[in-house]
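Please consider the structure shown below and follow the description of its helices, rings and backbone in turn.

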Amino acid sequence: MKVQCSNCGAPVEFRFDDSLVRVCGSCKSAIVRTDRGVETLGKMADLVPMDSPLKLFSDGKYFGRGFMLIGKAQIQHSAGGIWQEWYAKFDDGRWGWIAEHQGRFSVSFEVPDMQGLPTANAINAGTQVSVGGPQPYTVTEVGVAKYLAADGELPFRLGINESFLFADMSDGVGGFATLDYGDPDQPTPTPTMYAGQWVALAALGIAGGEAAPRDATPAAGKKLACPECNGSIDVRLPDASMRVVCPYCNQMISTENGVLALLGMLAVKAKPEIPLGTRAKFAQQPDTEFVVVGYMKRSAYVDHSWYSFDEYLLHNQSVGFQWLVCSDGHWSFVQPVDTAAITINGQRDASYQDVTFKAFAGYTMRVDEVYGEFFWRVNAGDMSSSVDSIAPPAMLSRELEGKELNTSLATYLTASQVRAATGVSVVDRAVGVAPNSPLRLPYLGWISALAFIVLTATAMVLAGRAHPHQVLEQVFSVPPGKPALPPPPVEAGFETPPVGEEAPGNAFFSEPFDVKAGENLEFTFGASLSNSWAYVVVDLYDEATGQFVSVNRELEKYSGYEDGESWSEGDDLRTLYISPIKAGNYIARIEAIHGSNTDISVFVRIRQNVFRWVNYLGFAIALLVLLGIAGLFRFFHNKKRWSNSGFYGPPGAYTAAEDQDDEDDDDE
Amino acid sequence: MTMNKALLPNVAKTKLTKGSVIVAVLATALTGAYAMVALTQAEGTPAERDELPANVRSSPGGYRSYHFWHSGYNGGK
């Protein structure tokens with residue numbers, strides 16, 4: 001349908017029967033179709049130049065259905081940020097909304113007649129809204145915005161500079177929804193719901209379309225003259241930045257809507273360690289090159305003191321804004337996370353991607369110094385509150401500023417990783433243990449469990465395979481006194497030994513027996529002793545080679561009655577083990593002496609292939625000592641980490657509850 | 001449809017550190033040493049090993065008439 005612009009008379013075409021508003025290409029007036037013809041809603045403001053991969057009248061596809069982008073509107077958040085919404089006419093006749101802000105895209109459709117939605121008074125950041133789907137939505141922001149400018153055809157009656165109250169929600173699994181409450185002063189009790197998905201730009205298959213307007217040509221960077229000192233300021237993101245700090249006179253300058261306005265001189269001139277304009281690539285997103293565009297020094301109110309840390313604002317056209325944070329010399333790469341993807345367990349713990357993050361600390365945060373450019377209306381003194389939960393080397397931070405809840409995921413970086421990522425020689429000045437410092441000795445539990453399982457399994461298998469068998473058992477009577485020693489052969493040249501007082505009779509020889517190779521030998525010595533001692537020597541003599549192996553044991557057994565108590569000490573039955581010896585046919589020569597005045601019985605038993613649990617026990621204790629030392633090392637490292645934990649109220653609001661929190665943490 | 005990855009960054013996995021590797025190596029060495037000891041049935045207790053002089057072995061009565069020179073135990077209470 002072609003009509004004439006009621007303002008300038010230029011021809012205006014409505015391509016679709018159900019589009020309501022068309023912006024005149026000549027005079028930028030918003031032409032609205034009514035039953036009585038066309039009317040003008042007034043002249044639109046010029047579009048704010050914004051870099052975008054989407055173009056008017058581009059084609060695309062969403063879940064297999066084609067669409068064309070036939071209109072767009074620029075909407076300004078009450079905090080200053082501007083985003084663009086594109087209106088897509090789908091092949092099946094539906095209208096879709098594609099929202100674009102800071103490199104993120106969402107596609108949504110109006111959900112008509114949705115009942116049971118919360119009223120404006122009942123909704124806040126963090127509120128859960130269930131609309132019957134598998135996942136409830138979590139409200140990530142409740143805010144006010146207004147339409148700034150528009151182009152093309154629009155499916156609704158757009159009021160320029162009309163504000164509306166909205167609540168953005170997501171379900172944590174890719175679902176996105178917005179509730180539109182209309183006039184923020186008189187919000188409707190039945191908001192309009194738009195629901196859809198977060199999508200990657202590439203998945204939309206955008207192609208074709210009009211060339212971007214001349215004044216909207218993306219600018220790679222601009223130089224501005226400071227309105228205060230006329231110094232030349234590099235503005236790297238002229239489309240997105242709302243605040244720029246003059247590096248010469250330290251004036252905070254508003255760049256909203258392309259108009260420069262002085263906001264006042266900052267008290268402290270920031271000195272970032274990483275210069276603005278530095279390009280950086282991080283291992284977390286190796287294909288993405290970021291530019292450092294801003295720097296803030298912020299403080300966290302902890303235990304009645306402000307502790308400062310540094311935040312660098314990073315920007316990439318495709319992924320938007322991310323952060324590099326340095327606290328006490330500990331660095332973290334920080335990425336925004338869909339708040340709804342976080343599950344809060346109990347009071348404070350959180351889980352994300354099936355990882356549990358233990359609540360670590362809650363603080364009030366303050367902006368102290370600002371340098372560079374920012375996409376929101378930042379100013380020194382801005383306050384927010386934050387709760388950190390940790391799963392080292394990761395940390396989740398939930399930061400609430402006004403009615404906006406932002407969640408981010410920090411990943412620990414070493415100074416050398418930051419040097420490699422940025423090319424800047426940052427000094428390694430890490431102090432203490434950061435909340436998300438990597439665990440010392442991670443997987444110690446697994447290593448311990450595995451080592452003990454292997455050790456025990458080995459023992460059990462070998463114990464099952466060992467079948468002890470007896471090779472000798474002999475009992476003999478030993479007369480008292482020392483053995484009479486015959487002289488050695490003269491030719492041997494030995495010194496003549498002393499001759500004993502008693503007749504020989506305490507050396508015995510066994511019958512030959514076989515000893516197997518590879519099996520240990522267990523010797524058991526016993527003697528019938530009563531307040532006496534015995535010394536037994538067993539020599540295993542290999543008749544074939546003349547070699548012998550000698551073992552001995554002393555036995556003693558004493559007992560008595562003294563001071564009304566009976567006592568006993570010593571062993572008259574003892575065992576010893578030796579390693580396997582050479583296989584062969586052996587004779588045992590057993591010799592014994594003792595301190596009794598009468599004959600005693602001496603018992604000797606030899607067994608082979610006896611499993612030794614004591615060896616298992618020895619190695620298990622050694623393993624336990626090793627892992628115990630490692631565990632202590634890890635324990636003290638973690639203790640140091642958690643010594644900084646705590647939940648602190650805002651400055652001046654110290655309460656008894658804080659003490660209780662501290663005690664709770666200690667209990668953990 | 002692919003979700004915008006920037007919205008759901010992945011949680012960094014805990015990586016093995018040098019310390020963990022050292023502990024793992026030591027634990028493996030201990031476990032291996034035990035397996036070796038248990039398999040060979042080796043014992044820490046030393047046993048005296050010697051050889052009977054050839055002239056004793058060849059003399060009449062041989063080792064049966066030869067007295068081993070054990071220093072003996074003369075202790076006890």
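A strand, in the sense used here, is a DSSP run of at least two residues in state E, and strands are numbered from the N terminus. The model under discussion is a predicted one. With that definition, Asp354(A) can be placed in the loop between strand 27 (349–352) and strand 28 (355–374) of chain A. The phi angle of Asp354(A) is positive, about 65 degrees, although the residue is not a glycine. Most residues other than glycine have a negative phi, and most peptide bonds are trans. Residues count as exposed when their relative accessible area is over 50%. Asp354(A) has a relative accessibility of 82% and therefore counts as exposed.

A second loop of chain A, between strand 22 and strand 23 (305–316), holds His304(A). Here too phi is positive in a residue other than glycine, with a value near 70 degrees. His304(A) has a relative accessibility of 42%, so it counts as partly exposed.

The backbone also deserves attention at Pro393(A), which lies in the loop between strand 29 (383–391) and strand 30 (394–401) of chain A. The peptide bond that leads from Pro392(A) to Pro393(A) is cis, and its omega is near 10 degrees.

The aromatic side chains come next. A pair of aromatic rings is described by the distance of the centres and the angle of the planes. Over all chains, the structure holds 31 aromatic pairs. One of them joins Phe290(A) and Phe333(A), whose ring centres are 5.9 Å apart and whose planes make an angle of 65 degrees, an edge-to-face arrangement. Because Phe290(A) belongs to strand 22 (residues 285–302) and Phe333(A) to strand 25 (residues 330–337) of chain A, this pair ties together parts that are 43 residues apart in sequence. Phe290(A) is buried, with a relative accessible area of 0%. Phe333(A) likewise counts as buried, at 0% relative accessibility.

Elsewhere in chain A, ring pairs link a cluster whose members include Trp83(A), Tyr87(A), Trp97(A) and Tyr147(A). Phe156(A), Phe164(A), Phe166(A) and Tyr194(A) are also among the members of this cluster. A charged side chain may lie over a ring as well: Arg94(A) lies over the face of Phe109(A), at 4.1 Å from the ring centre. Arg94(A) also lies over the face of Phe90(A), at 6.0 Å from the ring centre.

The helices remain to be considered. How do helix 2 (residues 444–465) of chain A and helix 1 (residues 18–40) of chain B pack, and at what angle? Their axes are 10 Å apart and the angle is about 5 degrees. Helix 2 of chain A is therefore roughly parallel to helix 1 of chain B. Among the residues that make this contact are Leu444(A), Ala451(A) and Leu455(A) from helix 2 of chain A, and Val23(B), Ala27(B) and Tyr34(B) from helix 1 of chain B. The contact residues divide into 14 nonpolar, three polar and one charged.

Helix 2 of chain A also packs within its own chain, where its axis and that of helix 3 (residues 613–642) come within 11 Å and cross at roughly 180 degrees. These two helices of chain A are therefore roughly antiparallel. Residues of helix 2 such as Phe452(A) and Met460(A) are among those that meet helix 3 of chain A, where the partners include Trp613(A), Tyr616(A) and Arg634(A). This contact comprises 15 nonpolar, three polar and one charged residue.

Terms used. Residues are numbered from 1 along each chain as its sequence is written. Chains are lettered from A and ligands numbered from 1 in the order in which they are written. This is a predicted model: local features need pLDDT of at least 70, side-chain atom pairs count only at pLDDT 80 or more; totals for chains, interfaces and linings use all residues. Side-chain values use heavy atoms; hydrogens and water are left out. Axes are lines fitted to C-alpha atoms, for helices over the stretch in contact, and angles run from 0 to 180 degrees between N-to-C directions. Helices (H or I, at least four residues) and strands (E, at least two) are DSSP runs, numbered from the N terminus. Angles under 35 degrees count as roughly parallel, over 145 as roughly antiparallel, 65 to 115 as roughly perpendicular and the rest as oblique. Contact means heavy atoms within 4.5 Å. Ala, Val, Leu, Ile, Met, Phe, Trp, Tyr, Cys and Pro count as nonpolar, Asp, Glu, Lys and Arg as charged, and the others, Gly among them, as polar. Rings of Phe, Tyr and Trp (its six-membered ring) pair if their centres lie within 6.5 Å; planes under 30 degrees apart count as stacked, over 60 as edge-to-face and the rest as tilted. Buried means under 20% relative accessible area, exposed over 50%, partly exposed in between (1.4 Å probe, protein chains only). A charge sits over a ring if NZ of Lys or CZ of Arg is within 6 Å of the ring centre and within 35 degrees of the ring normal.
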